[in-house]
Amino acid sequence: MTAVSAVKAALRKQAIETPSWAYGNSGTRFKVFAQPGVPRTPREKLDDAARVHAHTGVAPTVALHIPWDRVDDYAGLARYAKERGLSLGAINSNVFQDDDYRLGSVCHPDAAVRRKALDHLLECVDIMDATGSRDLKLWFADGTNYPGQDDIRARQERLAEALAAVYERLGGGQRMLLEYKFFEPAFYTTDVPDWGTAYAHCLRLGEKAQVVVDTGHHAPGTNIEFIVAVLLREGKLGGFDFNSRFYADDDLMVGSADPFQLFRIMYEVVRGGGYGPRTAFMLDQCHNIEAKIPAIIRSVMNVQEATAKALLVDREALSAAQACGDVLAANAVLMDAYNTDVRPLLAEVREEMGLDPDPVAAYHRSGWAERITEDRKGGRQAGWGA
Ligand code: PSV
Ligand code: MN
């Protein structure tokens, strides 16, 4: 195989998971803008996700968020997905949108609240059994707002206890992905604020516990690709929640604010042997002012472009330059790959997959947007908390 055909083969195999919540209405704490045609049910979200997959060929799974995607029959929902060429991906738990969680969930000082939160996490594993999902994604809004509010160390013990109980419940082939976030909603301490804390818990638990890197969950200037390289080296990178940020957890389209960072991350993924099904490449983003489906297609394409550039890095030339300490030559090798216009290559890949080379244009021509605007009148649109 030539180098280019190997890159193309790797791109054809790519799998990017889209989040059910990105198809629904979202916003900031100031305003959620409703858009016409937004899904009203989890099934309608899957209908939209199927369009994204149909046009890109690389978005075959959809992450669910419980309770936003609560249904009576999860196996039925999985069948519905399958009939549309999709399968259900990570189950995202939610222990942050209930009044009981004012002081935290699994770290709450009251054992009864901790039990309620744990029961929800265990229910999510039951749902995974029904949907065939591999990954449980855990994000905790737990933390404190004031010094002295609660005992930092005791909260870590409570967290460890809950994580151990969930770990015990996981079936063969199932994993738990622990997400960290250095701020929000708590302001003084956050119980899982960084990759080190997430890693320490996952290390104790065992190999089914892995860290998930949400690209929006870092302080400005954090070198995320370094974190990726270290986690991969330790066998602890479970996956990504991709999005872009200017200020904080902005949840913008991945690769929009800083495509160079996305390239650097994808390069470390490729370099570290993380480009494959063991790493969950998920989007976690919201489209507050832009049209949702084309924004998700655009995001998938942005990940593809960063991946193509990462795959094109001349690793031999890079190693040679690094070995002899040629700083400028080494940097130039990376920049050459980054500055390559990979859009023609990706257009070819799509044509080889029987797809339109321009997925966004194909979506606009398809009439889907007009159809859902017409069909999805009445009812309650999906959105945060819905
Ligand atoms: C928290 O900010 C987070 O990144 C978690 O992944 C949640 O599940 C998701 O956002 C919900 O929007
Ligand atoms: Mn996330």
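**Notes on the ligand site, the pockets and some odd backbone spots**

1. Let's start at the ligand: the side chain of Asp-214 puts an N or O atom 3.0 Å from an oxygen atom of ligand 1. Keep in mind while reading that this is a predicted model. Lys-181 does something similar, with a side-chain N or O atom 2.9 Å from a ligand 1 oxygen. For Asp-284, the distance from a side-chain N or O atom to an oxygen of ligand 1 is 2.7 Å.

2. Which residues come nearest to ligand 1? There are 13 residues around ligand 1, and the nearest are Glu-179, Lys-181, Asp-214, His-217 and Asp-284. So if you colour the site by residue, Asp-214, with its 3.0 Å approach to a ligand oxygen, is a good place to begin.

3. Next, have a look at His-218. You'll find His-218 in the loop that runs between β8 (209-214) and α7 (224-233). Is His-218 buried or exposed? His-218 counts as buried, because its relative accessibility is 4% and the cut-off for buried is under 20%. Setting aside residues up to four places away in sequence, His-218 touches Tyr-180, Phe-182, Val-213, Ile-224, Ile-227 and Arg-245.

4. Now for the pockets. The largest pocket holds about 1,300 Å³ of space. Its lining takes in 42 residues, and those closest to the centre are Trp-139, Lys-181, Glu-184, Pro-185 and Asp-249. Lys-181 is worth a second look here, since that name also turns up among the residues that come nearest to ligand 1. By class, the lining of the largest pocket splits into 15 nonpolar, 14 polar and 13 charged residues.

5. The second largest pocket has a volume of about 440 Å³. It is lined by 23 residues, with Ala-15, Thr-61, Arg-134, Pro-277 and Thr-279 nearest its centre. Two elements, β3 (87-92) and β10 (280-283), give two or more residues to that lining. The largest share, 4 residues, comes from β3. Sorted by class, the lining of the second largest pocket has 10 nonpolar, 9 polar and 4 charged residues.

6. How many cavities of 30 Å³ or more turn up in the whole structure? The search finds 1, with about 30 Å³ of space inside. Trp-21, Gly-24, Asn-25, Lys-45, Trp-68, Gly-383 and Trp-384 line this cavity. Their classes come out as 3 nonpolar, 3 polar and 1 charged.

7. On to the backbone. Most peptide bonds are trans, and most residues other than glycine have a negative phi. Against that background, check Glu-184 and Pro-185, which are joined by a cis peptide bond with omega at about 5°. Glu-184 also has a positive phi, near 65°. Pro-185 sits in the loop between β6 (175-179) and β7 (189-190), and Glu-184 is in the loop between β6 and β7 too. Glu-184 counts as partly exposed, because its relative accessibility is 35%. Recall that Glu-184 and Pro-185 are among the residues closest to the centre of the largest pocket.

8. A cis peptide bond also joins Ile-66 and Pro-67, this one with omega at about 20°. Where is Pro-67 found? Look in the loop between β2 (61-65) and α3 (74-83).

9. Asp-251 is another residue to check by eye: its phi is positive, near 60°, and the residue is not a glycine. Asp-251 lies in the loop between β9 (237-242) and α8 (259-271). With a relative accessibility of 14%, Asp-251 counts as buried.

10. Last stop, Tyr-199, in helix α6 (residues 195-205). Why does Tyr-199 count as buried? Because its relative accessible area is 16%, and buried means under 20%. Leaving out neighbours within four places in sequence, Tyr-199 is in contact with Val-211, Leu-231, Glu-234 and Lys-236. For a sense of scale, Tyr-199 and Glu-305 are 106 residues apart in sequence, with 29 Å between their C-alpha atoms.

Technical notes
Residues are numbered from 1 along each chain as its sequence is written. Chains are lettered from A and ligands numbered from 1 in the order in which they are written. This is a predicted model: local features need pLDDT of at least 70, side-chain atom pairs count only at pLDDT 80 or more; totals for chains, interfaces and linings use all residues. Side-chain values use heavy atoms; hydrogens and water are left out. Buried means under 20% relative accessible area, exposed over 50%, partly exposed in between (1.4 Å probe, protein chains only). Contact means heavy atoms within 4.5 Å. On a 1 Å grid over the protein atoms alone, a cavity is a set of points where a 1.4 Å probe fits but cannot get out, and a pocket is an open set with protein on both sides within 12 Å along at least five of seven lines; lining residues have an atom within 4 Å of a point. Grid points are joined across faces, edges and corners, and a volume is the space filled by probe spheres set on the points. Ala, Val, Leu, Ile, Met, Phe, Trp, Tyr, Cys and Pro count as nonpolar, Asp, Glu, Lys and Arg as charged, and the others, Gly among them, as polar. A residue is near a molecule or strand if one of its heavy atoms lies within 4 Å of it. A polar contact is a pair of N or O atoms within 3.5 Å; within protein, one must be able to donate a hydrogen and the other to accept it, and residues adjacent in sequence count only if both atoms are side-chain atoms.
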